[in-house]
Amino acid sequence: MAEARQLDRIDVRPAYTAEDAAAYEGRFAGVSAPDMLRTLLTGELRGQIAAVSSFGTESAVLLHMVAQADPATPVVFTDTLKMFPETLAYRDMLVDRLGLLDVRVIQPDPALLAAKDPEGIRHGYDPDGCCDLRKVEPLTRGLAPFEAWISGRKGFQAGTRRALPRFEVEDGRLKLNPLADWDKAALDGYFAAHDLPRHPLEAQGYPSIGCAPCTSQVKPGEDPRSGRWRGFAKVECGIHRPVEAAQPV
């Protein structure tokens, strides 16, 4: 009698779960961001993880840590085709200065742009749709090969980020926020200690920089991200989700 054929099985479980994130959170409690990244980028996550960077005002800190740990770590940059020229120039300078070896520039799908934003003005009446078209969809493609990624978010940047953990899981992918608990003073100290160049627009009143049409200068005392999508009820581009503080049991 012929042996019964074994059915093919497809593992559809998410690569990571909330329990995994909690385990990482406990494992690296009290470990510095550079040491944490060095351990993971040269160890268990090597080849599975990418850093995502906007090459904005504070990006040099995280990128320096990544480069010091492993300069061959992939870095994904989404060029929305609406970036400040200064950001593109800063990107090129940092890549050269830090010795990053695998920077991947992802752009919006030309067919989607032609269908959904042919005149390039969607940001003015539908910023959520514009971000989805120019940021979220391209980054989804850019992260497709990876099971984990590194974000540069910090808790102090906005009220929607104050409860930010160092590890979280989104759609089955592990997400690292190494600078979650860093404040402005810590960032400034790191810039000074490592002689890192600043984004040229920071001195002009831009503490948080995105696309040129949707980024404005910030007044003293305002949230660092208050210059993003000013006039719209919008606080994130869609790549990141607002973080809610854990409720007491």
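Helix 3 passes helix 4 in a right-handed crossing, and that is a good place to start touring this predicted model. The contact brings together A60, L63, H64 and A67 of helix 3 with Y90, L94 and L98 of helix 4. Sorted by character, the residues of this contact are six nonpolar, one polar and no charged. Helix 4 spans residues 85–98, and its axis comes within 10 Å of the axis of helix 3, at a crossing angle of roughly 30°. Angles under 35 degrees count as roughly parallel, so helix 3 and helix 4 are roughly parallel to each other.

Helix 3 also has a second partner to meet. Helix 3 (residues 59–69) packs against helix 7 (residues 184–193) at an angle of about 60°, with the axes 9 Å apart. That angle makes helix 3 oblique to helix 7. Here the crossing of helix 3 with helix 7 is left-handed. From helix 3, A60, V61, H64 and M65 take part, and they meet L187, Y190 and F191 in helix 7. The residues of this contact again divide into six nonpolar, one polar and no charged. A60 and H64 of helix 3 appear in the contact with helix 7 and also in the contact with helix 4.

Now to the sheet. Six strands form an open sheet with mixed pairing, in the order 3-2-1-4-6-5. Its edges are strand 3 (103–106) and strand 5 (167–170), each of which pairs on one side only. From one strand to the next, the twist averages 30°. Strands of a sheet pair through backbone hydrogen bonds, either parallel or antiparallel. Three of the pairings look like this:

| Strand pair | Bridges | Direction |
|---|---|---|
| Strand 1 (residues 49–52) and strand 4 (residues 148–150) | Three bridges | parallel |
| Strand 4 and strand 6 (residues 173–176) | Three bridges | parallel |
| Strand 5 and strand 6 | Four bridges | antiparallel |

A few individual residues help to place these pairings in the structure. A50 stands opposite W149 in strand 4. Strand 4 also pairs with strand 6, where the bridge partner of A148 is L174. Moving on to the edge strand, E170 stands opposite R173 in strand 6. Strand 5 and strand 6 form a hairpin with two residues between them. One residue in that turn, D171, has a positive phi of about 55°.

Terms used:
Residues are numbered from 1 along each chain as its sequence is written. This is a predicted model: local features need pLDDT of at least 70, side-chain atom pairs count only at pLDDT 80 or more; totals for chains, interfaces and linings use all residues. Side-chain values use heavy atoms; hydrogens and water are left out. Two strands pair if DSSP finds at least two bridges between them. Axes are lines fitted to C-alpha atoms, for helices over the stretch in contact, and angles run from 0 to 180 degrees between N-to-C directions. Angles under 35 degrees count as roughly parallel, over 145 as roughly antiparallel, 65 to 115 as roughly perpendicular and the rest as oblique. A crossing is left-handed if the near helix is turned anticlockwise from the far one by less than a right angle, and right-handed if clockwise. Contact means heavy atoms within 4.5 Å. Ala, Val, Leu, Ile, Met, Phe, Trp, Tyr, Cys and Pro count as nonpolar, Asp, Glu, Lys and Arg as charged, and the others, Gly among them, as polar.
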